[in-house]
Amino acid sequence: MATLVGMPRMRLKFPSFSPFLGQSYRGPRTISLFNKARTFSVSASSSPQDQVRVRFAPSPTGNLHVGGARTALFNYLFARSNGGKFVLRIEDTDLERSTKESEEAVLQDLSWLGLDWDEGPSVDGDYGPYRQSERNSLYKQYSEKLLESGYVYRCFCTNEELEKMKEIAKLKQLPPVYTGKWASATDKEVQEELEKGTPYTYRFRVPKEGSLKINDLIRGEVSWNLDTLGDFVIMRSNGQPVYNFCVTVDDATMAISHVIRAEEHLPNTLRQALIYKALGFPMPYFAHVSLILAPDRSKLSKRHGATSVGQFREMGYLPQAMVNYLALLGWGDGTDNEFFTLDQLVEKFSIGRVNKSGAIFDNTKLRWMNGQHLQALPSEELKKRVGEQWKSTGILTESEGSFVEDAFELLKDGIYLVPEADKGLSDLLSYPLHATLTSPEAKPLLEDYLSEFSTSLVAAYDSGEILAALEEGHAGWKNWVKSFGKSLKRKGKSLFMPLRVLLTGKFHGPDMGASVLLLHKAAKDGVVTPKTEFVLLDERFNKLRQVDWEALTKDQPLLETASTG
């Protein structure tokens, strides 16, 4: 809702939209427009809209930023939760920067997120066309209407004259507003310039006094004084409409009831409100969403890493995880719950619970959220995705089978992004013994007679008892470990830590027994590709035989033969 208050010479009332979502009705809106010798009156001619209609209006000049995606999501959720319409409009009037490729990428990203639109490109509706570049005749029609009614005038100022006005205003420490040179020109003066073919713009007459107040659905009451604005251009000299004019005409003629957009558009509201009133259109409700901030609380930008929906898609993020996370950037349902499907968000969403403070974009939280949604997938679906990932990246020769099933079961809990499954499996197949034994963390282990432990382990392998145990599966391996521990009078950490280090080459990792069994299976099945740095059990024990334990205990480097591990 908005109130535009001007000089008391004339005061007209306009009917407001009927309330939405518990928005209380605060009485009719008023307007008074006064400019020196002339008083301009307007009246609302459009009927109040009963149906919620919102729009997302991206410019096809680049990729869909996560901030834009969240704005689209909030519009979508608001429409769906209120039985309304979600309209997609392409704002492509920037002919130099707009490209068909960018438009297609934006549409693809929105579709990937599951934000299907009710009207827009490829979806017919009653308010098309839905690209601004196809609506020029409409802008021309309404600009001529404003010219005929006196709300705008032709301005023949040159760029040099406009720059001089700005310089004078700067010296006087005044806002850089247009001083209105052509606002009071006579018909004769205008006609002379037209006959000379002088280029001109259309400028909107701004009342010299008064203010605008809006009751923003997120930010509360916001107001501006009209004397800070100055007469502004709505049509350029090349006949192209200016952004604020296009947006107002489009929102009004598309019967948009609620304008939900980023807070950086808040200053545009003053110009748009004046155009609404001059054309006799009822004002929509406004809701300005806070910016998405980087961890350092600056505006999120490319220097902070991935910022576009397409980038996150390529990194392996799930659309449902992106939607869930974006919804939580400034909104919550009032509980501690953070896991939502799109349908659940539609059910829970309320514009009244959107926070006006900036939201921090946390990549760690997003990654965690993606892991939650991965684990929520049916196990077979997730296994299929992971298996296909391992094969497509050349780690395995097959995407399914017993090895894939066992590897998936062992590693699935540590997968937050499907592409990360590559690292999990590669780490398991590798054997970084040299780096592990020469690390500071290895010192207590070395001092606990690791060399003697290794000798006994190599002997057990050479005797064939380890391989025999592995052939018997988990039960056979478990029995062998118990027996081996008894022979060394070790149990618990003093048994399992040296076993892990000597067999896997690492201090930490998934279940040791399952890992060793999987290594044995990989060697038998031959499913690991040659390019993968897979170290077979035979090779691991060869490396153990070559370790110079005496050099290690004296803090000396390993022998060259062992350093390749």
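What follows is a friendly exchange about how some labels on this predicted model are earned.

Me: Let's begin with the overall picture. How many helices and strands does the protein have, and what share of its residues is buried?

Reply: The secondary structure comes to 24 helices and 16 strands. Of the 565 residues, 50% are buried. As for contacts between residues at least 6 apart in sequence, 75% of them join residues at least 24 apart.

Me: Why is aspartate 251 called buried?

Reply: Its relative accessibility is 1%, and buried means under 20%, so aspartate 251 falls on the buried side. This residue sits in helix α6, residues 243–253.

Me: What makes the pairing of aspartate 251 with arginine 89 a polar contact?

Reply: The two side chains are joined at 2.9 Å, and the limit for the N or O atoms of such a pair is 3.5 Å, so the distance fits the label. Arg89 also appears among the residues that aspartate 251 touches, together with Arg55, Ile256, Val259 and Tyr276, leaving aside residues up to four places away in sequence.

Me: How do you know that the structure holds zero disulfides, taking cysteine 157 as an example?

Reply: A disulfide is a covalent bond between the sulfur atoms of two cysteines. The cut-off for the sulfur pair is 2.5 Å. For cysteine 157, the closest cysteine sulfur is in cysteine 155 at 3.7 Å, so that pair is too far for a bond. The count for the structure is zero.

Me: Are cysteine 157 and cysteine 246 buried or exposed?

Reply: Cysteine 157 has 12% relative accessibility and counts as buried. Cysteine 246, at 0%, counts as buried too. Both verdicts follow because buried means under 20%.

Me: Now the helix pairs. Why are α19 and α21 called oblique to each other?

Reply: Helix α19 (residues 473–488) and helix α21 (residues 512–525) pack at about 120°, with axes 10 Å apart. Roughly perpendicular covers 65 to 115 degrees and roughly antiparallel starts over 145, so an angle between those two ranges is oblique. That is therefore the word for α19 and α21. Their crossing is right-handed.

Me: Which residues meet where α19 packs on α21?

Reply: From α19 come Gly473, His474 and Trp477. On the α21 side they meet Gly513, Ala514, Val516 and Leu517.

Me: What makes α13 and α14 roughly perpendicular?

Reply: Helix α13 (residues 402–411) and helix α14 (residues 420–429) pack at about 100°, and their axes are 11 Å apart. Because the range for roughly perpendicular is 65 to 115 degrees, α13 and α14 therefore earn that description. In this packing, Phe403, Ala407, Leu410 and Leu411 of α13 meet Gly424, Leu425 and Leu428 of α14.

Me: Why is threonine 455 called exposed?

Reply: Its relative accessible area is 54%, and exposed means over 50%, so threonine 455 passes the cut-off. Threonine 455 belongs to helix α17, residues 450–462. Its C-alpha is 8.5 Å from that of leucine 544, although their positions lie 89 residues apart in the numbering.

Me: What is the phi of arginine 297, and is this residue buried or exposed?

Reply: Arginine 297 has a positive phi of about 70° although it is not a glycine. It lies in the loop between β15 and α8. With 53% relative accessibility, arginine 297 counts as exposed, because the threshold is over 50%.

Me: What can be said about serine 298, and what makes its link to aspartate 296 a polar contact?

Reply: Serine 298 is in the loop between β15 (292–293) and α8 (309–314). Its side chain and that of aspartate 296 are joined at 2.6 Å, and the limit is 3.5 Å, so the label holds. Leaving out residues up to four places away in sequence, serine 298 touches Leu293, Arg303 and His304.

Me: Why is lysine 489 called exposed?

Reply: The relative accessible area of lysine 489 is 76%, so the residue meets the requirement of over 50%. Lysine 489 is found in the loop between α19 and α20 (493–504). Its phi is positive, near 55°, in a residue other than glycine.

Me: Where is the cis peptide bond that involves proline 129?

Reply: It joins glycine 128 and proline 129, with omega about 0°. Proline 129 is in the loop between α2 (100–113) and α3 (136–149).

Definitions and conventions:
Residues numbered from 1 in each chain as written. Predicted model: local features only at pLDDT ≥ 70, side-chain atom pairs only at ≥ 80, totals over all residues. Heavy atoms only, no water. Helix = DSSP H or I, 4+ residues; strand = E, 2+ residues; numbered from the N terminus. Polar contact = N/O pair within 3.5 Å; in protein donor to acceptor, adjacent residues only side chain to side chain. Contact = heavy atoms within 4.5 Å. Buried < 20%, exposed > 50% of the residue type's maximum accessible area, 1.4 Å probe, protein only. Axes fitted to C-alpha atoms, helices over the stretch in contact; angles between N-to-C directions. Parallel < 35°, antiparallel > 145°, perpendicular 65-115°, else oblique. Left-handed = near helix turned anticlockwise from the far one by under 90°.
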